[in-house]
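Here are some friendly notes to read with the structure open beside you. Take the points one at a time and find each residue as you go.

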Amino acid sequence: MAAVCQKLSDEDWLVSRARSCMKTDPFAAKAWMITARTLFPQNFSIQFEAYNLEKVGKNVKEAAKLLEEMFLAFPEESRLWAEVQAILGVLQSEISDNRNSFLTEIFAAISTHSQCEMLLHVADKMSDTLEQCRLLLLAMRKFGSLVDEHGLTLIDKLQRAEKKAAYMTGVNCYRKLLVCDVLPLVLQKVKKLDVPPARLYKWLQQAIEFHVMFITQAPCQPSNQPPSPDLMSPTKKGKRFVLIPGLYDRESQVTDPWGSLLRLLVLIGQHLDWEIDRDLFTQTRDQQWQYVFNIYNRAKQIQGSPYTKQIVYVTTVLFLECLYTYVSSVDPDAFVGGATVHGPLVLIEGFGGDLSDKPSPSKAKKSKTSGSATNILATPGVPDSQKIIESFLTAFKCYELLHSKQELQREFVSLCEVWRMETWTWMAHFQTDMLMYQGAFQDALAHLQSCTPLVKDSMKIRSSLQMACCFMALGKYGRSCEILLEVISFLPGGQRADKNTVPSDPVSSGRHLLLTLCTEEEIIPYCVQLLLSCLKEKALSPNKTDDTALGHMVVLLQYDWPRQEPLFQQVVKKVRSQGSFTYNLFFNFIINIDILEEFAFLKTQEGGKVSLDILPVSTKAIAQQRTVTRGVNKNVKEDFKHTMEKQVARSEESIDNLIRSFLLEERQQIIKSV
């Protein structure tokens with residue numbers, strides 16, 4: 001043993017004695033290390049070993065003191081910097097355990113000045129740009145005084161690193177740190193930035209692009225792997241599950257992306273001397289729009305207005321935020337983290353109770369120039385309908401304003417090109433709905449048809465309903481009916497929850513649009529109403545026409561009885577004026593007791609003695625099959641009376657099932673009749 005000890009240097013021997021005592025007598029170990037440090041104050045190995053022994057003993061203050069002394073006395077020692085780097089890594093890590101917690105406590109016990117110097121020194125030594133930027137950001141957060149000196153440098157580092165990496169998308173690790181972490185810090189801490197306005201606008205462009213692309217990322221295709229408990233947890237409902245390569249999970253999350261962007265817009269606006277209320281984006285849509293419109297009116301009075309860029313950027317951000325709110329409601333599965341509380345919504349042409357305000361090509365042309373007068377109403381089942389409608393209308397007004405003057409349009413188009421907005425497929429719903437709102441049915445139809453190959457299965461019914469509306473408004477009733485009947489054939493079928501209530505179009509004067517759910521309970525009543533509107537054009541024409549369209553109308557009027565009774569009276573008036581009515585599907589599909597009684601009355605002397613050929617087999621055919629005698633008409637009357645009595649017994653049948661059967665079985669006949 002003595003021989004072994006003779007081979008050790010004095011320094012190593014003292015260290016070995018301290019180590020040997022550590023488990024059995026910590027105080028003796030500490031005494032040996034104090035002796036060693038006193039005898040050899042310039043020996044880094046002894047100082048570092050003393051630090052390690054204090055770590056093993058969980059002595060935070062002593063370990064921190066030794067680490068700080070080594071930092072001042074041995075600034076170039078690689079083992080020291082490896083230890084410091086490990087501690088700083090723990091500060092940024094998402095993993096929390098006893099070891100990491102202890103290292104964090106050691107760093108916290110070091111003097112503020114040494115903490116700052118350590119962070120800057122390690123950051124300077126880093127070869128990895130992302131790690132270097134992380135440490136500089138950490139330093140600036142802990143020591144606000146560093147922001148003035150290092151803020152702009154860090155912004156430049158991040159922008160150069162992103163450019164060098166040549167990312168295809170604005171959602172990347174460097175951009176996230178820049179717009180969500182560094183820029184807000186710099187803009188808040190530095191009262192007067194010494195940068196040209198063009199640079200501030202560049203930052204704002206990058207911030208808008210990142211946030212919008214982050215928020216509107218489409219969900220990944222479902223995998224065979226079950227979702228993690230974190231994703232399924234009901235407490236995580238508002239969390240966005242977007243992971244950005246290169247960042248920790250915690251760093252990838254932006255808990256309030258729109259709030260983050262809007263706060264940044266206000267901060268940059270203040271540095272550009274904009275007149276902008278920091279609470280602008282917590283106000284109502286009307287107040288937000290009024291602010292934008294007031295700036296716009298002020299700018300119109302000044303040649304070469306300094307307000308142009310302010311109008312463009314504020315209006316664009318407001319447009320995009322309203323657009324997102326609207327689209328995420330219309331298509332709840334469109335974006336990552338969307339909470340699907342209902343199915344898709346559809347914006348379609350609305351009709352009054354008697355269908356008299358049906359749009360026509362001439363009305364559509366008029367609407368295009370005065371779209372702002374068009375109302376949007378929602379059916380009762382649409383959640384947060386007021387918020388959704390206000391978001392759409394504000395987005396529409398912003399879009400119109402950005403295209404109202406050549407200068408504004410040029411700036412907006414330039415931004416769209418920078419962001420490659422043509423690749424943002426989620427905007428298609430708004431473009432369609434905007435065209436329909438304007439009454440530009442031909443353009444809306446062309447847009448819908450061009451998007452057909454890209455439409456998801458869950459949105460096909462929405463797209464088809466809007467196409468049907470456009471065809472009807474353009475006077476192409478046959479094509480409109482064809483699409484509507486195809487939609488009905490895709491629906492699973494079922495009874496209405498409340499047989500006495502058909503979801504109906506809210507009463508409105510003039511042209512209006514209807515916002516409704518793409519559910520069977522909402523769609524079938526609307527389709528029936530639209531089919532009636534198409535049939536009415538031909539059936540109630542003053543010219544004598546085939547009675548088939550008139551008969552189809554009578555069948556469909558049963559669906560929403562008695563609300564449709566006024567329209568039925570128009571049908572009765574038409575039949576009485578003709579003096580005859582032929583419809584051999586009558587007893588197949590008409591079971592409403594009021595309608596049966598009315599037609600029975602029409603055959604009487606008091607009802608007008610109308611000639612009714614409505615038996616399943618034509619009255620004329622029956623007459624031809626029988627011997628021509630004086631009693632032939634009496635036999636036909638008996639057949640009619642007997643069939644009518646049998647039909648009354650069917651009046652309790654399900655009208656839902658009957659109408660569905662009619663629409664599916666007589667599909668081709670209905671299309672031909674319009």
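1. Let us begin with a term: a helix here is a DSSP run of at least four residues, and helices are numbered from the N terminus. Please keep in mind that this is a predicted model. Helix H24 covers residues 477-490, and Arg479 and Glu482 sit 3 residues apart in it, so about one helical turn separates them. An α-helix has 3.6 residues a turn, so residues three or four places apart point the same way. The side chains of Arg479 and Glu482 meet in a salt bridge, with 3.7 Å from N to O.

2. Are the two partners in H24 buried, exposed or partly exposed? Arg479 has a relative accessibility of 36%, so it counts as partly exposed. Glu482, at 33%, counts as partly exposed too. The cut-offs explain this: buried means under 20%, exposed means over 50%, and partly exposed lies in between.

3. Next, look at a pair that joins two helices. Arg175 and Glu162 form a salt bridge whose closest N and O atoms are 2.9 Å apart. This pair links distant parts of the chain, since Arg175 belongs to helix H11 (residues 173-189) and Glu162 to helix H10 (residues 146-165), 13 residues apart. Arg175 is buried, with a relative accessible area of 6%. Glu162 is buried as well, at 10%.

4. Another bridge of this kind connects Glu321 and Arg285, again with 2.9 Å between the closest N and O atoms. Here Glu321 lies in helix H17 (residues 308-330) and Arg285 in helix H16 (residues 285-300), 36 residues apart, so distant parts of the chain are linked. Both Glu321 and Arg285 are buried. How many salt bridges are there in the model? The count comes to 21.

5. Stay with H17 for a moment and look at its neighbour H15 (residues 257-271). The axes of H15 and H17 come within 11 Å and cross at roughly 170°. That makes H15 roughly antiparallel to H17. Where do they touch? Trp258, Leu261, Leu262 and Leu265 in H15 meet Val314, Val317, Leu320, Glu321 and Tyr324 in H17. You have already met Glu321 as the partner of Arg285.

6. Now for the nonpolar core. In soluble globular proteins, nonpolar side chains tend to be buried together. The largest nonpolar core holds 225 residues, and among them Leu67 and Leu515 touch the most other members. H17 gives the most to this core, with 14 residues. Try selecting Leu515: leaving out residues up to four places away in sequence, its contacts include Tyr326, Leu345, Ile376, Val382 and Ile389.

7. Helix H6 (residues 78-92) is a good one for checking a length. At 1.5 Å a residue, its 15 residues should span 21 Å, and the end C-alpha atoms are 21 Å apart, which agrees. Its buried residues include Leu80, Trp81, Ile87 and Leu88, and also Glu83 and Gln92. Which helices do the buried residues of H6 pack against? They are H4 (44-56), H5 (60-73), H7 (98-109), H8 (112-125), H9 (129-142) and H14 (249-252).

8. Finally, return to H11, where Gln188 has its place. Gln188 counts as partly exposed, because its relative accessibility is 48%. Gln188 and Ile268 are 80 residues apart in sequence, while their C-alpha atoms are 9.6 Å apart in space.

Definitions and conventions. Residues are numbered from 1 along each chain as its sequence is written. This is a predicted model: local features need pLDDT of at least 70, side-chain atom pairs count only at pLDDT 80 or more; totals for chains, interfaces and linings use all residues. Side-chain values use heavy atoms; hydrogens and water are left out. A salt bridge is a side-chain nitrogen of Lys or Arg within 4 Å of a carboxyl oxygen of Asp or Glu. Helices (H or I, at least four residues) and strands (E, at least two) are DSSP runs, numbered from the N terminus. Buried means under 20% relative accessible area, exposed over 50%, partly exposed in between (1.4 Å probe, protein chains only). A nonpolar core is a set of buried Ala, Val, Leu, Ile, Met, Phe, Trp, Tyr and Cys residues joined through side-chain atoms within 4.5 Å. Contact means heavy atoms within 4.5 Å. The expected span of a helix is 1.5 Å times one less than its number of residues. Axes are lines fitted to C-alpha atoms, for helices over the stretch in contact, and angles run from 0 to 180 degrees between N-to-C directions. Angles under 35 degrees count as roughly parallel, over 145 as roughly antiparallel, 65 to 115 as roughly perpendicular and the rest as oblique.
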